[in-house]
Each structure stands twice: as structure tokens, then as C-alpha cells.
Amino acid sequence: MSLAPDPADPAGPPAGTPAGTSRSTSATIQPNILRYLVVVADERGVDLRPLLKQLGLDETVMRSAALRVSYRQGSAVIRRALELTGDERLGLKVGSAQHLTAWGLLGFALMADDTLRHAIETGVKYQNLSGAMVVWSAAVGEEDDAFVLRADLPDPAMDPAVASFLSEEAFASVVTLSRLAVGPAFAPRAVEFSFPPPRELDLYEGLFRCPVRFGAPANRMVVDPAWARFRMPGRDPVSYASTLEMLDAHMTSRRDQQDLLEVLEISVAQGLPVVPSFGEQARRHATSERTLRRRLADCGTTYEALVEGVRRERVEQLLLRPELTLRDIARRAGFSDERALRRAVHRWHGASPGRLRERMRTARP
């Protein structure tokens, strides 16, 4: 999420800071990618479970069908997995390890759909239920009526290594799941990635079996019309329709959860350096504290975790402003003193505020 202007700072955030909200702090993503990432990392002798546990995602929690994670949590695990495995093409391997069953009801709907194109469009429509960490869109292209699937990053300023992982995982999973659904002969006409060419091109050509372009304007996969029209072997109109009814109900519930999280995050952000009490938030929502706590638990989070996420993002924004001292930042982010700020930053990043500030300045365009 992007925070509202600091009430103690009439000038607001620095120029270029996006307005509105996003999904970086709220826990709204099904952790399918993380589950498969653990499996692939295990095969390489790397155990990610201690890291997941550190983020509050122990094995019992990871097995929960109700679990949701945030972009921040997901990105942190992916970044660390890339470091530990030393595998720059980890996204390809995680994507190609997946199965339609990982998508639950949505996977069943795709198998029961009419054509491959319509199945992909259904996946795009219900992408928030699939655990996707990119933003999918699909359309018929101008050339030969080819079907074009596009994957945009949720944040253009995302860590480049994580961005490459997510782009690779996205198309590798689509190709793998398409082959499971319509047959192993499936191959796209072309795949395009926005990141620079990697050292090992054979992995891409071996997986996609088509021309792969790098440094493209966008992440895209082009599908020939014949494959787009291919009839799904498991198509069943009745099963498809009944599954969509259940998916629509899930989407409505998810929107309600997302609305609650965003309203609370904005309320906390606008209140900083003073954090509204949980009782005050319950009164604003005309509900009891018990009910509000239960609704947050249904979203996979707590008020304390939500407040910490907002504070963390506020601190990261303020650290980019060289005119602010650590005392200024501590005050504006609602910490009692500099020591409390230092402890929090070390817990979040494993570094001091000064070291983090330098790192962020170096990485900032």
C-alpha cells in the first residue's frame, strides 16, 4: 500500500511517491508460489522453513487453506530463496513444478471450461483467487488474431531479481498447466520478458519451445489462434457453471476483506504518529472488538501486524528523505524514541536505519 500524506508534514511524501493503496502490506494472496518454492528449494538442499517461521508462516500455518500472505512477505521469501539457492532461474523451475490442483476450485473450473482461450480468460478474471503475484490481462492481438496474455508487475519499483522470478514463474506455470490440460504438445508462438537476457538461454527454449525475447516493452505470451480455440478435454458446461457460482462467492468475500484491510491501513496511516486504538477502530466500524478481531483473523492478519506494516512502510518512505534525522523519523512513524526505531528496523531488515537508508538511496533510480 502507499501511504497517505503524513499529517505532521504538510508537504506530504517526496515527489514520485505513488498515491492510493496497493496490496504490499495486506495479507490477501494465497501462498501457492511459496508452497512450490519450498518444494523446489528442498530439491536443491535449501530449507526455507526457518525463514517462513520467522515471518510467522510455520508448517502448520502453511498447510491452512485459509492462509493469505502479503506481497511484502512473499517478496521477502523469494528474495532470500534466490540468495540461498544461487539459482537465477528459480522462477522457471517453480512455475514448471506446479499443477492445476494447486489452484483449487479455479483449477477445476479451468479443466471444465470450453476452450483453452476461455480457460485462460477465466483464470485472468479470477486471478485474485489463484495466488498470482503479477497482474494478468488477456486480449486478441493485432497479428493473425493471436491470443496475447500479459503479466504486469504490481510495483514497477520491485527488486529486479524478484521481478524476474515472478515474470518467469508466471509464464512457466501457464505453459505447464496448459500442457497438463490440453496435452504435452502445447507451445506458445512467442514469449517476451521485459528483463535483460540471462546467461542461460537454453532453459527458456527448452521449457517454452518457442522464440523467447528479452528486454521487451512488457511481459507477454502469444498463443496461436489454433491453440486458443483448442477444446478442453475435460470440458463440462454444468460443472463449469456451478464452479463459477462458488468462485463468485469467494470473490465477493475477498473484496469485503480487502476493503476492510485498506480502510484500516489508511486510518492508521492518516493517524500517524498517533495510532488509533483497536477499540476506536471497532467503534468507527460500528462493531464489537471481538467481531473486528475475528474479521481480521479471517483475512489472515491482526491489527498489530497491520499497524506494524503501515509503520514499516512509513519509515521506508521517510528514510529516503535526507533532511530528516532518525529522531524526526521515529517521531513521525509513532515510535517512542530512536532506540525503538532502531530495534524495529533491525527486526524488519536485519540492518541499522543508517545502513538501510544508504542501501535504499543506492537502489533508488
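**Entry 1: the loop after α11.** I began with Pro273, which lies in the loop between α11 and α12 (278-284). I note that the model is a predicted one. I then examined the peptide bond that joins Leu272 and Pro273 and found it to be cis, with omega at about 15 degrees. I recorded this bond since most peptide bonds are trans.

**Entry 2: Thr243 in α11.** I next looked up Thr243 and placed it in helix α11, which covers residues 237-271. Is Thr243 buried or exposed? I found a relative accessible area of 2% for Thr243, so I entered this residue as buried, the limit being under 20%. I also listed its contacts, leaving out residues up to four places away in sequence: Thr243 touches Leu105, Phe108 and Ala109.

**Entry 3: positive phi values.** I searched for backbone angles that depart from the usual sign, as most residues other than glycine have a negative phi.

I noted Arg209 here: it is not a glycine, yet its phi is positive, at about 55 degrees. I located Arg209 in the loop between α9 (202-208) and β4. Its relative accessibility is 45%, so I classed Arg209 as partly exposed.

I noted Ala286 as well, a residue other than glycine whose phi is positive and near 55 degrees. I located Ala286 in the loop between α12 and α13 (289-298). Its relative accessibility is 73%, and I therefore classed Ala286 as exposed, the cut-off being over 50%.

**Entry 4: the sheet.** In which order do the five strands of the open sheet run? I read the order as β1-β2-β5-β3-β4, and I recorded the pairing as mixed. I identified the edge strands as β1 (135-140) and β4 (212-213), each of which pairs on one side only.

I then followed the pairing of β1 with strand β2, residues 147-152: the two run in the antiparallel sense and share six bridges. Within this pair, I found Ser137 opposite Arg150 of β2. I add that strands of a sheet pair through backbone hydrogen bonds, either parallel or antiparallel.

**Entry 5: the helix on the sheet.** Which strands does helix α7 touch where it packs on the sheet? I found that α7, residues 116-125, touches β1 and β2. I noted the angle between the direction of α7 and that of β2 as about 25 degrees.

Conventions:
Residues are numbered from 1 along each chain as its sequence is written. This is a predicted model: local features need pLDDT of at least 70, side-chain atom pairs count only at pLDDT 80 or more; totals for chains, interfaces and linings use all residues. Side-chain values use heavy atoms; hydrogens and water are left out. Two strands pair if DSSP finds at least two bridges between them. Helices (H or I, at least four residues) and strands (E, at least two) are DSSP runs, numbered from the N terminus. Contact means heavy atoms within 4.5 Å. Axes are lines fitted to C-alpha atoms, for helices over the stretch in contact, and angles run from 0 to 180 degrees between N-to-C directions. Buried means under 20% relative accessible area, exposed over 50%, partly exposed in between (1.4 Å probe, protein chains only).
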